[in-house]
Amino acid sequence: KMLNCSTQYEMPNAGFSFDNSRRNAVLEEGLSEKGYSAPKARKTGTTIAGIIFKDGVILGADTRATDDMVVADKNCMKIHYIAPNIYCCGAGVAADAEITTQMMSSNIELHSLSTGRPPLVVTVTRQLKQMLFRYQGHIGCSVIVGGVDVNGPQLYSVFPHGSYDKLPFLTMGSGAAAAISVFEDRYKANMELEEAKQLVRDAIAAGIFCDLGSGSNVDLCVITEKGAEYLRAYDEPAKKGQRGGKYTYKPGTTPVLAKTVTPLTLDIVEESVQAMDTQ
Amino acid sequence: MAAVSLVRCERGFARDAAPDWMRQELRTGTTIMAVEFDGGVVIGADSRTTTGAYIANRVTDKLTPIHERIFCCRSGSAADTQAISDAVTYQLGFHSIELDEPPLVQTAANLFREMCYRYREELMAGIIVAGWDKRRGGQVYTVPVGGMLTRQPVSVGGSGSSYIYGYVDSNYRAHMSKEECLQFTAQALSLAMERDGSSGGVVRLAVISEHGVERRVVAGNQLPSFSAI
């Protein structure tokens, strides 16, 4: 006999629940009346890039996550795992990019088990764009999908509204304009591994230096037939410098010319004790 | 109710450090064209996809195969036209298998029209459907924004088309040969790309006939030039 639970589990309706949007709208209105602003969704003002080289695909990303004008995370991971041979760089709203790529990874694994074949990059792209189109751009997730499968190395970009492009080199995010200039100048077909890694590193560095929303380190992910190699913090171009000199002065550096002492007579008006919450 | 709340939330985190073009939808601000000739059709398009003022893809292929001898030229929202093309490709492929015959261009055009008209409020898509079938030979059907369907011997579309109506009207002649049509299309597209900021890149051409599909690319420096200025 089955044990009866006191509370029944209610299956949530399929798809996203937008109940919290209503709550957020009310909260925002209430807060703005008092003069406060609601916390902003953390957006990865980003530079992400990908190229196809001789043996496969190289994906690159910076590691700064911004909350409006403050750096929320100095070392976040923007290159997400989808499958052993497919990785995905995410830009746009951080939460959307994170969750969407996780969903894709999960679906792709199930699909791969179903078909009995290693996953294809086109499959990831198709599922991604169909989902993003369904949500008409409200899921603010721009991605670069790169991988190597039976059809060879492939690179796709998918925009939040659901359009995709298949290209030999791509950049996305707020630093895309800076990074694409590096690619347009130096990209060649069938580059060697080291040259290609240097090119992606340079493109991301261009984004890091020339875009306010990008910064910190360069992450690379090299995907070939043999597998993927995730190079976390491949380069740290924006490392904080060492201070050159000392700016403290010895006591006595400034000569004292005159000294006047004025005692302030203070009366205790009120005395209260506030216990600190040390638990 | 939920939709209204979403719009208000968007305002909250949309205003941020990212440049304006990041938040805009991708548009194929475009020039597309198709011409019928005796034995088939010639279709052509530029290759620029823009988000605002940034060119997201400078080598886009806007000539999308729907079936073996039926293509569509896409203009408007990149996402919308890609999604519609995928849906129609599926529907047409299924229909063709059921029929056990190559599908008619008119069928493909009607499938596009059905979708573009039904969802006209939500979509921004201007499509030219062109191809060859055994019953009527080369045909060009245009399905502009709003979902109208009409057959025309020559059709232009996209933001750049405004600049070449005069050229097309004055230079089109009936019964042109395949080579003449290719020249005509390439020249019209070059003129449009010269004047329209949202069109540019390379000119992609395709000839669809009984014998199959022949694709060509005319790079920027090989485009016919007209003005001395």
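Two strands are said to pair if DSSP finds at least two bridges between them. In this predicted model, strand β4 (residues 65-67) of chain A meets that condition with strand β5 (residues 70-73) of chain A: three bridges join the two, and they run antiparallel. D67(A) has V70(A) in β5(A) as its bridge partner. Two residues lie between the strands of this hairpin, and one of them, D68(A), takes a positive phi near 60 degrees.

**Two helices**

Helix α3 of chain A and helix α4 of chain B can be set side by side.

| Helix | Residues | Number of residues | Expected span | Distance between end C-alpha atoms |
|---|---|---|---|---|
| α3(A) | 121-134 | 14 residues | 20 Å | 20 Å |
| α4(B) | 105-118 | 14 residues | 20 Å | 20 Å |

For α3(A), a rise of 1.5 Å a residue predicts a span of 20 Å, which agrees with the distance between its end C-alpha atoms. The buried residues of α3(A) are V121(A), T123(A), V124(A), T125(A), L128(A), K129(A), M131(A), L132(A) and F133(A). Just after this helix, Q136(A) takes a positive phi of about 50 degrees.

For α4(B), the expected span likewise agrees with the distance between the end C-alpha atoms. Its buried residues are V105(B), A108(B), A109(B), F112(B), M115(B) and C116(B). They lie on the same side of α4(B) because they cover an arc of only 130 degrees around the axis. What do the buried residues of α4(B) pack against? Their partners, in chain B, are the strands β6 (63-67), β7 (70-77), β8 (125-133) and β9 (137-143), together with helix α3 (78-99).

**The open sheet of chain B**

Chain B also holds an open sheet of five strands, in the order β11-β2-β3-β12-β13, with antiparallel pairing. Its edge strands, β11 (154-157) and β13 (212-218), each pair on one side only. From one strand to the next, the twist averages 15 degrees.

At one end of that order, β12(B) (residues 203-209) and β13(B) pair in the antiparallel sense over seven bridges. Within this part of the sheet, I208(B) stands opposite V213(B) of β13(B). In a regular strand, side chains alternate between the two faces of the sheet.

Helix α6 (residues 178-195) of chain B lies across β2 (32-37), β3 (40-45), β11, β12 and β13 of chain B. How does α6(B) run relative to β2(B)? The angle of α6(B) to β2(B) is about 165 degrees.

Conventions
Residues are numbered from 1 along each chain as its sequence is written. Chains are lettered from A and ligands numbered from 1 in the order in which they are written. This is a predicted model: local features need pLDDT of at least 70, side-chain atom pairs count only at pLDDT 80 or more; totals for chains, interfaces and linings use all residues. Side-chain values use heavy atoms; hydrogens and water are left out. Helices (H or I, at least four residues) and strands (E, at least two) are DSSP runs, numbered from the N terminus. The expected span of a helix is 1.5 Å times one less than its number of residues. Buried means under 20% relative accessible area, exposed over 50%, partly exposed in between (1.4 Å probe, protein chains only). The arc is that of the directions from the helix axis to the C-beta atoms. Contact means heavy atoms within 4.5 Å. Axes are lines fitted to C-alpha atoms, for helices over the stretch in contact, and angles run from 0 to 180 degrees between N-to-C directions.
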